[in-house]
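Work through the following exercises with the sequence and the model at hand. Each task is followed by a solution in steps.

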Amino acid sequence: MIPAALSGRTALVVGAGAAVADALRRAGANVVRRDPAEPVSVRRLVEQTLGAFGRLDLAVNGGEARGVSLAMRYEIPAMRGTGRVVNLAMTADVIEVTRAAAVEFAGSGVLINAVAAGPGDSAGDVADAVLWLCSAPVSAGGAGRRW
């Protein structure tokens, strides 16, 4: 990853490891990180992020499917059509929630993906995958690269 590749972008990291937050910071993003006790606090966290930085460009969510789904409910509308959401898929349920959101918001310009660690993958490997997905270029129409 090129240093400052995400310069000027604001990322919200919820329920994901410190390696992801650190990698986003090294790439130049403003990072807000929390491991909320209750998923509903994500709404307040999104509001605070918008208040502090005026924008939300990236969101990385970890945890169980219900919490990931709730987090996306607050994050996606705040992204204004050019955001990136990456969910850390620790279970098949998170993959299904991610797939459903990607279909629902397909025309919005917000790219929604999941990263699942394989056997032998380190936290750094996961962080690299997240960075790659977050740095996908935005075309004139607002949609990014398709994989």
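**Exercise 1.** Find which residue of strand 3 stands opposite L12, and describe how the two strands pair.

Solution. In this predicted model, the residue opposite L12 is A59 in strand 3. Next, take the strands as wholes: strand 1 covers residues 10-14 and strand 3 covers residues 58-61. Their pairing is parallel and runs over 4 bridges.

**Exercise 2.** Give the strand order of the sheet and state whether the pairing is parallel or antiparallel.

Solution. The sheet is open, has 5 strands, and reads 2-1-3-4-5, with parallel pairing. Strand 2 (30-34) and strand 5 (111-115) each pair on one side only, so by definition of the order they are the edge strands. Ignoring direction, neighbouring strands are turned by 15° against each other on average.

**Exercise 3.** Determine which strands helix 4 lies across and which strands helix 5 touches.

Solution. Start with helix 4 (residues 92-104): strand 4 (84-88) and strand 5 are the strands it lies across, and its angle to strand 5 is about 165°. Helix 5 (residues 123-134) packs on the sheet and touches strand 3, strand 4 and strand 5. The direction of helix 5 makes about 160° with that of strand 4.

**Exercise 4.** Locate S135 and classify its exposure.

Solution. S135 sits in the segment after helix 5. Its relative accessibility is 26%; because the partly exposed class lies between 20% and 50%, S135 counts as partly exposed. A polar atom of the S135 side chain lies 3.2 Å from the backbone oxygen of W132. Finally, S135 and L6 are 129 residues apart along the chain, yet their C-alpha atoms are separated by 6.7 Å.

Terms used:
Residues numbered from 1 in each chain as written. Predicted model: local features only at pLDDT ≥ 70, side-chain atom pairs only at ≥ 80, totals over all residues. Heavy atoms only, no water. Axes fitted to C-alpha atoms, helices over the stretch in contact; angles between N-to-C directions. Contact = heavy atoms within 4.5 Å. Buried < 20%, exposed > 50% of the residue type's maximum accessible area, 1.4 Å probe, protein only. Polar contact = N/O pair within 3.5 Å; in protein donor to acceptor, adjacent residues only side chain to side chain.
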